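Morning, everyone. I'll put the structure up, and then we'll walk through the chains and how they meet.

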Amino acid sequence: MFFDVLRIELFKVFRRPRTFIAFGAIAMIILLIQFALKVNGQEFILFFTDSQTDTFEIPFDGILNGYFVCVAVLHIILVHVPLLVALIAGDMIAGEANGGTLRMLATKPVTRSQLLLAKFAASALYVILLLLWMALFALVGSLLLFGSNDLVVFKETDLHVISQADLVWRFIAAFFFAALALIMIAALSILLSVFADNSLGPIVATVCIVIIFTILQQLKVPVFQETINPWSFTTHMLGWKGFFYVEKTAEGVTIPGSVENPLSLVKSGLILIGYTTLFLLVAIGVYRRKDILS
Amino acid sequence: MDSVLEVKGLTKRFADFTAVDDLSFSVPAGSVYGFLGQNGAGKSTTIRMLLTLIEPTAGEILIFGKPLASNRKAVLSKLGAIVEKPDLYKYLNGLEHLRIFSRLSGICPQEAKLKDLLSLVGLGQRLTSRVGTYSQGMRQRLALACALVNDPDLLILDEPTNGLDPQGIADMRQLILQLSKEQGKTIIVSSHLLSEMEMIADQVLIIDKGKKIVEASMETLVQQAASLELQQQPQRRFFLEAYFLSLTTA
């Protein structure tokens with residue numbers, strides 16, 4: 001029965017024109033970034049390498065390749081994708097309550113837990129498709145437009161050079177990690193959606209929560225860094241970057257297949273899964289007892 | 001006649017407001033049961049409790065002889081409903097709605113049956129049109145088709161003629177009678193018009209402020225109305241409404 005409900009939820013999600021706004025927006029943003037880097041890529045790299053230009057000559061043509069552009073795209077747009085996820089997930093329960101269809105669903109012989117889990121699973125699949133779409137444009141598209149070469153990643157005043165042969169698994173892992181983060185956002189939106197009878201509320205609330213915690217994280221003051229930030233989901237949502245920070249030998253040579261801080265990546269992943277589970281359990285608990293008055 | 005639905009001491013309180021107060025009634029199998037009350041009398045709250053949309057504060061609901069609370073899935077699989085104004089998915093068409101609600105009812109949809117059902121409610125020509133292009137009456141009929149998709153034994157229709165034009169009201173009335181007389185379904189219809197119920201209901205329950213005022217056969221109710229010297233009303237419709245008002249505004 002669960003898979004029947006999931007199929008119905010997916011059918012509804014992908015029959016709604018609004019669903020494709022996110023796909024269109026992502027394609028357009030990536031194409032614009034790729035265009036900008038094609039025209040002004042050197043200036044973009046100079047922005048990151050300003051402190052190093054006096055020390056050595058920067059090989060711009062080698063750095064500006066498809067992998068580099070893909071990482072740049074992910075840096076620029078992944079922080080904004082939660083809004084696109086909230087547009088769909090925040091509407092899952094509240095949108096149906098507002099539209100009056102929730103009561104029709106709830107009078108059918110499907111348990112409320114099944115219905116909510118199916119809506120969550122549909123949101124999660126939407127997130128995965130959105131990321132695959134992003135990968136298609138950001139990675140495949142950039143490789144076609146800019147070619148391939150080793151990846152140079154700038155981390156504060158440090159440079160990480162990763163050979164081409166060592167890159168594919170890192171991108172797969174990074175996209176997988178981004179999926180975990182965005183699925184957690186979907187769970188948060190669904191939780192907020194359970195309390196509302198209007199989809200605007202949970203969508204705006206999700207975005208506000210992400211903005212608030214991102215600001216707390218960016219403040220970098222001890223009062224937040226020692227208390228909230230280690231457990232804030234926005235801190236761990238950016239964990240995907242960790243796959244592009246590699247370990248080096250004492251001579252400064254990159255170790256293939258390594259990541260700088262694997263334990264931190266595992267911790268971030270577990271915290272994101274923990275939040276997702278918590279949000280879902282609370283949502284199910286509330287929704288099962290909720291009076292459907294809309 | 002056996003009861004399909006039996007309600008005992010049903011109560012629903014929202015904070016300090018009692019919407020339904022110790023309500024008891026039973027619906028005979030195969031009947032059209034009129035559920036009447038003015039706006040805010042507690043009809044929709046009662047219907048929502050019958051459909052597990054809201055949880056009763058107290059009382060017991062037995063449907064098909066089983067307690068609803070512990071047999072939700074089994075009971076709902078033999079029940080169909082329209083709750084208030086049916087809002088459907090505007091971006092889907094009629095046939096897609098029936099496919100969705102068939103699957104949700106645990107039935108593998110058969111296209112021919114679904115098309116027959118849409119024809120039964122008069123939407124045979126519009127089965128692939130988006131619901132956003134439907135009139136209110138067409139949406140109401142589609143909602144009825146969605147409620148009938150699992151061939152329910154009990155049909156609960158909450159003010160099914162709301163927002164319909166006179167022709168739509170007549171069509172809906174005809175459909176209800178057809179489902180009752182030809183298919184033997186038990187149908188609960190809520191309304192705030194006694195005159196409308198007179199044309200379709202066998203038995204009537206009138207509630208006011210959440211409490212039961214009258215439960216009687218339609219025939220008995222009309223006789224009671226007649227005996228109260230309300231016949232001076234110019235039309236039969238008005239004298240029934242005058243009787244209804246005398247009961248619910250006392």
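Start with chain A: of its 294 residues, 42% count as buried. Keep in mind that this is a predicted model.

Chain A has 13 helices and two strands. Its radius of gyration is 21 Å, and the globule rule gives 19 Å for 294 residues, so chain A is as compact as a globular protein of that length. Along the principal axes, the C-alpha trace of chain A spans about 70 × 40 × 30 Å. Now the contacts in chain A with a separation of 6 or more. Of those, 76% join residues 24 or more positions apart.

On to chain B. Here we have nine helices and 10 strands. For 250 residues, a compact globule would have a radius of gyration near 18 Å, and chain B agrees, at 18 Å. The C-alpha trace of chain B spans about 55 × 45 × 35 Å along its principal axes. In chain B, 46% of the 250 residues count as buried. Take the contacts in chain B with a separation of 6 or more: residues 24 or more positions apart account for 68% of them.

Next, some places inside chain B. First, helix H1 of chain B, residues 43-50. How many of its eight residues are buried? Eight of the eight, so this helix is mostly covered. The buried residues of H1(B) include Lys43(B) and Arg48(B). Ser44(B), Thr45(B) and Thr46(B) are buried there too. So are Ile47(B), Met49(B) and Leu50(B). After H1(B) comes Thr52(B), and its phi is positive, near 65 degrees.

Now two single residues. Buried or exposed: which is Phe14(B)? Phe14(B) sits in strand S1 of chain B, residues 3-14. Within 10 Å, Phe14(B) has 12 other C-beta atoms, so this residue is exposed. The cut-off for exposed is 12 or fewer. Phe14(B) and Thr57(B) are 43 residues apart along the chain, and their C-alpha atoms are separated by 8.9 Å.

Compare Ala225(B), in helix H8 of chain B, residues 218-227. Ala225(B) counts as buried, because it has 23 C-beta neighbours inside 10 Å. For buried, the cut-off is 20 or more. From the C-alpha of Ala225(B) to that of Ser246(B) is 9.8 Å, with their positions 21 residues apart along the chain.

Now helix packing. Two packed helices are described by the angle between their axes and the distance between those axes. Keep both in mind for the next two pairs.

The first pair is within chain B. H3(B) packs with helix H5 of chain B, residues 136-148, at an angle of about 30 degrees, and their axes are 9 Å apart. That angle makes H3(B) roughly parallel to H5(B). Their crossing is right-handed. Who makes the contact? From H3(B), Gly94(B), His97(B), Leu98(B) and Phe101(B). From H5(B), Leu142(B), Ala145(B) and Cys146(B). By class, the contact of H3(B) with H5(B) has five nonpolar residues, two polar and no charged.

Last stop: the contact between the chains. How many residues does each chain put in? Chain B gives 23 residues and chain A gives 21. On the chain B side, helix H2 (72-76) and helix H3 (94-104) each supply at least two residues. H3(B) gives the most to that side, with four. The side of chain B that touches chain A has 15 nonpolar residues, three polar and five charged.

The second helix pair is here. Helix H1 of chain A, residues 2-15, packs with H3(B) at an angle of about 160 degrees, with axes 9 Å apart. That makes H1(A) roughly antiparallel to H3(B). The crossing of H1(A) and H3(B) is left-handed. On the chain A side, the residues are Asp4(A), Val5(A) and Ile8(A). They meet Ile100(B), Arg103(B) and Leu104(B) of H3(B). This contact of H1(A) with H3(B) divides into four nonpolar residues, two charged and no polar.

So H3(B) is the helix to keep an eye on. H3(B) packs with H5(B), and H3(B) also packs with H1(A). Thanks, and over to you.

Definitions and conventions
Residues numbered from 1 in each chain as written. Chains lettered and ligands numbered in written order. Predicted model: local features only at pLDDT ≥ 70, side-chain atom pairs only at ≥ 80, totals over all residues. Contact = placed C-beta atoms within 7 Å. Nonpolar A, V, L, I, M, F, W, Y, C, P; charged D, E, K, R; others polar. Axes fitted to C-alpha atoms, helices over the stretch in contact; angles between N-to-C directions. Parallel < 35°, antiparallel > 145°, perpendicular 65-115°, else oblique. Left-handed = near helix turned anticlockwise from the far one by under 90°. Rg over C-alpha atoms; globule rule 2.2 N^0.38 Å.
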